[in-house]
Amino acid sequence: MRNRLWDFSYTTIDLEDLDVSVEFMHPKSLATVTVKFRVDESALEGRARDLKGRIELIAREHLLSLATSLQTKGELIPSD
């Protein structure tokens, strides 16, 4: 079974400004990455639990995209 590489530390949603902040933590190195972005008003429709899940999915996709771009440029050094 594969270990989880990143854990969610927190998710903050500003309902007034529609700003979102999601912090990930690498459990082995304790490194943190914070992904911030803005959502549109349509994202607020539905239940709060669903909103949090969708936002964390978007943040995870941004983190994977960043890691992929760093890896192709040789800037990302794999660790144990």
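**Entry 1: Asp50 and Arg47**

I looked up Asp50 first and found a salt bridge with Arg47, the closest N and O atoms being 3.9 Å apart. The model is predicted, and I read the distance as a computed value. The cut-off for a salt bridge is 4 Å, so the pair at 3.9 Å is counted. Asp50 is partly exposed, at 36% relative accessible area. Arg47 is exposed, at 53%.

**Entry 2: the count**

How many salt bridges are there by this rule? I get three.

**Entry 3: Arg38 and Asp19**

I next noted a salt bridge between Arg38 and Asp19, with 2.7 Å between the closest N and O atoms. This pair links distant parts of the chain, the two residues being 19 apart. Arg38 sits in strand β3 (residues 32-38) and Asp19 in strand β2. I checked accessibility for both: Arg38 is exposed, with a relative accessible area of 58%, and Asp19 is partly exposed, with 26%.

**Entry 4: Glu56 and Lys52**

Glu56 forms a salt bridge with Lys52, and I noted 2.9 Å between the closest N and O atoms. Where do these two residues lie relative to each other in helix α1? They are four residues apart in that helix (residues 48-72), so about one helical turn separates them. Glu56 counts as buried, at 10% relative accessibility. Lys52 counts as partly exposed, at 39%.

**Entry 5: Glu23**

I then looked for a partner for Glu23, a residue of strand β2 (residues 19-25). Side chains of opposite charge can pair when their charged atoms come close. Glu23 is buried yet has no salt bridge. Which side chain of opposite charge is nearest to Glu23? I found Lys36, 8.7 Å away. The salt-bridge cut-off is 4 Å, so Lys36 at 8.7 Å does not qualify.

I also listed what Glu23 touches, leaving aside neighbours within four places in sequence. The contacts are Asp7, Phe8, Ser9, Tyr10, Thr32, Val33 and Thr34.

**Entry 6: Leu63**

Last, I turned to Leu63, which lies in helix α1. Is Leu63 buried or exposed? I have it as buried, with a relative accessible area of 11%. With neighbours within four places in sequence left aside, Leu63 is in contact with Trp6, Phe24 and Val33. Val33 also appears among the contacts of Glu23. I took one C-alpha to C-alpha distance as well: Leu63 and Val35 are 7.4 Å apart in space and 28 residues apart in sequence.

Conventions: Residues are numbered from 1 along each chain as its sequence is written. This is a predicted model: local features need pLDDT of at least 70, side-chain atom pairs count only at pLDDT 80 or more; totals for chains, interfaces and linings use all residues. Side-chain values use heavy atoms; hydrogens and water are left out. Buried means under 20% relative accessible area, exposed over 50%, partly exposed in between (1.4 Å probe, protein chains only). Lys and Arg count as positive and Asp and Glu as negative; His and the chain ends are not counted. Contact means heavy atoms within 4.5 Å.
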